[in-house]
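Let's take a friendly walk through a small set of structural features. Please have the viewer open as you read.

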Amino acid sequence: MKAFADAVPSWDDVVVAYEPVWAIGTGKVATPQQAQEVHVAVRDWLKKNVSDEVASKTRIIYGVFG
């Protein structure tokens, strides 16, 4: 996320969507606990690297895409 975080003019419409590499194209999905751990890690990163407000407001979604 660091690669683009500094270039985001407004986080109001940003949604962080992710899928674990091991799940891509396999039909496997993360457990709710695994998904929650990633959400916490993303929010922590946003808090440390952007702001508390962005960390609390940014939508984070887990999804099996494809």
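The sections below go from the overall fold to the core, the pocket and a few single residues.

## Overall fold

Please keep in mind that this is a predicted model. The protein has 66 residues, and 29% of them count as buried. Its secondary structure consists of 3 helices and 2 strands, which follow one another along the sequence in the pattern α-β-α-α-β.

If you would like a feel for the dimensions, the C-alpha atoms fill a box of roughly 35 × 20 × 20 Å along the principal axes. Turning to contacts between residues at least 6 apart in sequence, 62% of these join residues at least 24 apart.

## The nonpolar core

Which residues make up the largest nonpolar core? There are 12 residues in all: Ala5, Val8, Trp11, Val14, Val16, Tyr18, Ala35, Val42, Leu46, Val54, Ala55 and Ile60. At least two residues of this core come from each of β1 (15–18), α2 (32–49) and α3. The helix that gives the most is α2, with 3 residues.

Alanine 55 is a good core member to select in the viewer. This alanine sits in helix α3 and counts as buried, because its relative accessibility is 6%, and buried means under 20%. Leaving out residues up to four places away in sequence, alanine 55 touches Arg43, Leu46 and Lys47. For a view across the model, look from alanine 55 to glycine 27: the two are 28 residues apart in sequence, and their C-alpha atoms are 30 Å apart in space.

## Aromatic pairs and tryptophan 11

How many aromatic pairs does a search of the whole structure find? The search finds 2. In the pair formed by phenylalanine 4 and tryptophan 11, the ring centres are 6.4 Å apart and the planes meet at 40 degrees, so this pair is tilted.

Are the two partners buried or exposed? Phenylalanine 4 is partly exposed, with a relative accessible area of 41%, whereas tryptophan 11 counts as buried at 12% relative accessibility. Tryptophan 11 also belongs to the largest nonpolar core and lines the largest pocket, and is worth keeping highlighted for the next two sections.

## The largest pocket

The largest pocket holds about 150 Å³ of space. Its lining is made of Trp11, Asp12, Val14, Glu53, Val54, Lys57, Thr58 and Arg59. By character, the lining residues divide into 3 nonpolar, 1 polar and 4 charged.

Which element gives the largest share of this lining? That is helix α3 (residues 52–57), with 3 residues. Val14 and Val54 are shared between settings, as both line the pocket and both appear in the largest nonpolar core.

## Alanine 5 and valine 50

Next, look at a small group of contacts around alanine 5. Apart from residues up to four places away in sequence, alanine 5 touches Trp11, Trp45 and Val50. Alanine 5 is also one of the residues of the largest nonpolar core.

Valine 50 lies in the loop between α2 and α3. With neighbours within four places in sequence set aside, valine 50 is in contact with Ala5, Trp11 and Trp45. Valine 50 counts as partly exposed, at 31% relative accessibility. Between valine 50 and alanine 7, which are 43 residues apart along the chain, the C-alpha separation is 11 Å.

## Two further residues to visit

Proline 9 is placed in the loop between α1 (2–5) and β1. Is proline 9 buried or exposed? This proline counts as exposed, because its relative accessibility is 83%, and exposed means over 50%. The C-alpha atoms of proline 9 and arginine 43 are separated by 18 Å, with these positions 34 residues apart along the chain as a sequence separation.

Glutamine 34 is found in helix α2 and counts as partly exposed, with 33% relative accessibility. From glutamine 34 to valine 54, which are 20 residues apart along the chain, the C-alpha atoms are separated by 22 Å. Valine 54 has already appeared in the lining of the largest pocket.

Notes:
Residues are numbered from 1 along each chain as its sequence is written. This is a predicted model: local features need pLDDT of at least 70, side-chain atom pairs count only at pLDDT 80 or more; totals for chains, interfaces and linings use all residues. Side-chain values use heavy atoms; hydrogens and water are left out. On a 1 Å grid over the protein atoms alone, a cavity is a set of points where a 1.4 Å probe fits but cannot get out, and a pocket is an open set with protein on both sides within 12 Å along at least five of seven lines; lining residues have an atom within 4 Å of a point. Grid points are joined across faces, edges and corners, and a volume is the space filled by probe spheres set on the points. Helices (H or I, at least four residues) and strands (E, at least two) are DSSP runs, numbered from the N terminus. Ala, Val, Leu, Ile, Met, Phe, Trp, Tyr, Cys and Pro count as nonpolar, Asp, Glu, Lys and Arg as charged, and the others, Gly among them, as polar. Rings of Phe, Tyr and Trp (its six-membered ring) pair if their centres lie within 6.5 Å; planes under 30 degrees apart count as stacked, over 60 as edge-to-face and the rest as tilted. Buried means under 20% relative accessible area, exposed over 50%, partly exposed in between (1.4 Å probe, protein chains only). A nonpolar core is a set of buried Ala, Val, Leu, Ile, Met, Phe, Trp, Tyr and Cys residues joined through side-chain atoms within 4.5 Å. Contact means heavy atoms within 4.5 Å.
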